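Good morning, and thank you for coming. I would like to take the group through one protein chain, beginning with a helix and then turning to strands and charged pairs.

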Amino acid sequence: MFDGYDSCSEDTSSSSSSEESEEEVAPLPANLPIIKNNGQVYTYPDGKSGMATCEMCGMVGVRDAFYSKTKRFCSVSCSRSYSSNSKKASILARLQGKPPTKKAKVLQKQPLVAKLAAYAQYQATLQNQAKTKAAVSVEGFSWGNYINSNSFIAAPVACFKHAPMGTCWGDISENVRIEVPNTDCSLPTKVFWIAGIIKLAGYNALLRYEGFENDSSLDFWCNICGSDIHPVGWCAASGKPLVPPRTVQHKYTNWKAFLVKRLTGAKTLPPDFSQKVSESMQYPFKPCMRVEVVDKRHLCRTRVAVVESVIGGRLRLVYEESEDRTDDFWCHMHSPLIHHIGWSRSIGHRFKRSDITKKQDGHFDTPPHLFAKVKEVDQSGEWFKEGMKLEAIDPLNLSTICVATIRKVLADGFLMIGIDGSEAADGSDWFCYHATSPSIFPVGFCEINMIELTPPRGYTKLPFKWFDYLRETGSIAAPVKLFNKDVPNHGFRVGMKLEAVDLMEPRLICVATVTRIIHRLLRIHFDGWEEEYDQWVDCESPDLYPVGWCQLTGYQLQPPASQSSRENQSASSKQKKKAKSQQYKGHKKKRKMPVGKKPVSLSSLPMTGGVRRSFSGDEELTPPPYRTLPAQTALEAFPPPSTSREFRPSLKTVTTSQLKEELLDGEDYSFLQGASDQESNGSATFYIKQEP
């Protein structure tokens with residue numbers, strides 16, 4: 001840290017040349033101890049011992065500021081000069097008490113007093129940085145503390161099919177045993193011990209070391225998909241030691257017998273769990289791929305964009321015409337907003353042609369099979385027609401469901417929809433939904449499900465009645481049977497915590513809560529913010545993630561807003577009239593990313609043995625069986641003795657039939673019943689109110 005500084009004694013500095021005497025010397029702080037070159041043990045300015053004398057030029061200074069591990073020289077130059085032709089002359093001059101050679105004088109950049117002052121200033125800077133870091137860590141967000149302090153419940157990983165391990169999470173639950181690093185140990189090397197899952201929150205698990213029983217003093221949270229998490233038996237197979245925590249190591253004299261008793265019949269992770277995690281985090285989209293994506297400034301058209309980066313399946317797309325590469329758009333690779341090159345032309349969608357006549361070097365079109373598939377529909381019979389009325393989530397204000405109109409029918413089941421009362425004359429704010437989209441609903445959906453329907457802007461005949469509105473406008477409602485009425489058994493419950501994309505600022509992922517469930521429709525509330533910022537999202541939206549997803553993938557999580565930031569935002573929002581913007585990113589800028597905090601890939605999880613996962617179905621992602629530990633495995637979990645690996649014949653082992661029963665029990669795991677305001681998955685008659 002002090003490379004480039006050369007030390008010198010006070011005597012030497014006083015006898016330096018006229019050029020050196022003209023150098024400005026920083027004043028010595030009053031609280032800095034005076035150091036004299038009197039042959040005794042010297043001290044650092046902070047009171048620690050350690051001064052050194054350069055064997056080349058004779059300069060005296062702080063030992064840590066000297067060069068090399070031996071601290072024999074004050075600089076690299078002196079170290080090299082020591083073995084040069086002038087070495088003997090320089091040493092002789094120093095022994096005779098003569099001033100250093102001219103070459104040595106040139107190396108004297110600062111006198112000792114200036115160096116000590118600089119060192120004192122450096123120490124003060126370190127203290128200030130330590131205080132700053134401490135303040136940041138106190139304000140940092142921790143899912144574990146947040147859930148523990150409020151007794152929250154997180155949505156299970158199995159609710160998120162698009163997330164890593166979403167389709168092969170299996171029945172990981174409380175009491176599953178795993179091997180984790182032992183932090184309650186004074187050994188210099190990393191050692192492991194066995195812990196049990198006390199509570200699950202998404203990918204995060206509250207763990208307790210074996211031997212602590214009901215003592216929660218050392219309970220800790222960790223990401224179950226982390227690189228240091230292993231199934232029981234991994235240490236024995238890898239030659240790693242299992243060491244009991246220091247706090248409880250006195251409780252038992254025979255830890256091997258204790259482990260055998262505790263682990264026989266217990267469940268642990270499958271042996272290929274880490275490989276499954278790695279495989280589920282391999283993504284087919286790569287940088288430099290070209291796609292068609294919605295134009296965030298004109299929703300009615302698409303543009304060509306290039307994949308800039310991929311983080312956890314989320315794509316940072318840069319519009320192709322962006323010269324400084326700052327005009328970007330974030331979305332998931334399964335988002336309905338991105339398509340293969342040529343999609344717009346094939347269905348008749350508006351498209352902004354790029355000024356770039358040819359593809360840039362290295363850019364290539366994304367293969368069409370990588371994009372999310374939409375359900376095939378039959379448009380030959382009764383189908384949607386222009387002018388039909390319906391209800392739709394406003395993509396520019398996702399907290400509202402509005403009165404809407406079909407403005408254009410495209411090919412392959414796609415529709416252009418406009419919000420009544422707020423459409424632009426040129427149709428630039430129309431947006432594209434597929435006929436099977438969960439974001440469009442038949443007339444009367446909001447009324448039957450007790451959701452507030454947003455009437456057309458300027459419509460004064462309130463409360464809004466569909467029957468009157470259809471008669472006044474001479475319109476007809478879209479047939480109920482044309483809408484998607486499938487409701488999956490999603491497993492979400494009201495009050496569950498998750499990480500959700502702020503779709504009005506899609507680069508941000510925030511701490512969120514499910515506050516309402518209407519069949520497959522979820523009301524997402526961003527913790528710390530007012531309800532007006534809530535968003536209606538489908539239960540299978542790729543913009544929802546389990547707790548711990550950001551930590552697993554290295555994406556930055558936005559914590560709940562503080563009271564002060566909410567008050568400041570509310571005050572500023574009241575000063576100007578709310579108006580609809582034609583950008584996904586803009587009309588509600590409620591959360592700001594700190595400077596220099598753009599999402600970057602920071603994941604430390606090693607991706608070894610990665611295999612590209614299949615997106616065509618779940619046949620390759622079936623839940624792995626969770627092993628039931630026989631007595632033999634429990635014994636092997638503890639480091640085997642060097643002389644023998646024989647097992648004690650008195651130990652009870654699990655029979656083959658018992659093992660099969662355990663595996664069958666694991667396969668019978670099913671999702672929690674999806675709750676709704678009506679506690680029903682719905683049907684054609686219950687899901688939609690039939691209009692006369």
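**A covered helix, a covered strand and their surroundings**

Helix α10, residues 273–280, is mostly covered, with six of its eight residues buried. Helices here are DSSP runs of H or I with at least four residues, strands are runs of E with at least two, and both are numbered from the N terminus. Buried means under 20% relative accessible area, exposed means over 50%, and partly exposed lies in between, with a 1.4 Å probe and protein chains only. The buried residues of α10 are Phe-273, Lys-276, Val-277, Ser-278, Glu-279 and Ser-280.

Before going further, I should state that this is a predicted model, in which local features need pLDDT of at least 70 and side-chain atom pairs count only at pLDDT 80 or more, while totals for chains, interfaces and linings use all residues. Residues are numbered from 1 along each chain as its sequence is written, and side-chain values use heavy atoms, with hydrogens and water left out.

As for the chain overall, it has 18 helices and 27 strands. Of its 692 residues, 47% count as buried. If we take contacts, meaning heavy atoms within 4.5 Å, between residues at least 6 apart in sequence, 66% of them join residues at least 24 apart.

Let me now turn to strand β18, residues 414–419, where six of six residues are buried. Phe-414, Met-416 and Gly-418 point one way from the strand, Leu-415, Ile-417 and Ile-419 point the other way, and all are buried.

Which strands pair with β18? Two strands count as paired if DSSP finds at least two bridges between them. Strand β17, residues 397–409, pairs with β18 in the antiparallel sense over five bridges, and Thr-405 has Gly-418 as its bridge partner. Strand β19, residues 431–434, also pairs with β18 in the antiparallel sense, over four bridges; here Ile-417 stands opposite Phe-431.

β17 and β18 form a hairpin with four residues between them. In that turn, Asp-412 has a phi near 60°, a positive value in a residue other than glycine. Asp-412 is partly exposed, at a relative accessible area of 49%. Glu-213, in the loop between β6 and β7, likewise has a positive phi, of about 50°. By way of background, most residues other than glycine have a negative phi, and most peptide bonds are trans. The peptide bond from Leu-462 to Pro-463 is cis, with omega near 0°, and Pro-463 lies in the loop between β21 and α13.

Ile-440, in strand β20, returns us to β18. Ile-440 is buried, with a relative accessible area of 4%. Its C-alpha is 9.5 Å from that of Ile-417, and the two are 23 residues apart in sequence. Beyond its neighbours within four places in sequence, the contacts of Ile-440 include Leu-415, Ile-417, Tyr-433 and Phe-483.

I now come to the charged side chains. The structure holds 30 salt bridges, each defined as a side-chain nitrogen of Lys or Arg within 4 Å of a carboxyl oxygen of Asp or Glu. One of them joins Asp-365 and Arg-290, at 2.6 Å from N to O. Asp-365 is in strand β15 and Arg-290 in strand β9, so this pair ties together parts that are 75 residues apart in sequence. Asp-365 is partly exposed at 31%, whereas Arg-290 counts as buried at 10%.

Another salt bridge joins Asp-420 to Lys-389, with the closest N and O atoms 2.7 Å apart. This pair links distant parts of the chain, the loop between β18 and β19 and strand β16, 31 residues apart. Asp-420 is buried at 4% relative accessibility, and Lys-389 is buried at 7%.

What is the nearest side chain of opposite charge to Glu-292, which is buried yet has no salt bridge? It is Arg-290, 8.0 Å away, where Lys and Arg count as positive and Asp and Glu as negative, with His and the chain ends not counted. Glu-292 lies in strand β9, and its side chain makes a polar contact with that of Ser-344 at 2.7 Å. A polar contact is a pair of N or O atoms within 3.5 Å; within protein, one must be able to donate a hydrogen and the other to accept it, and residues adjacent in sequence count only if both atoms are side-chain atoms.
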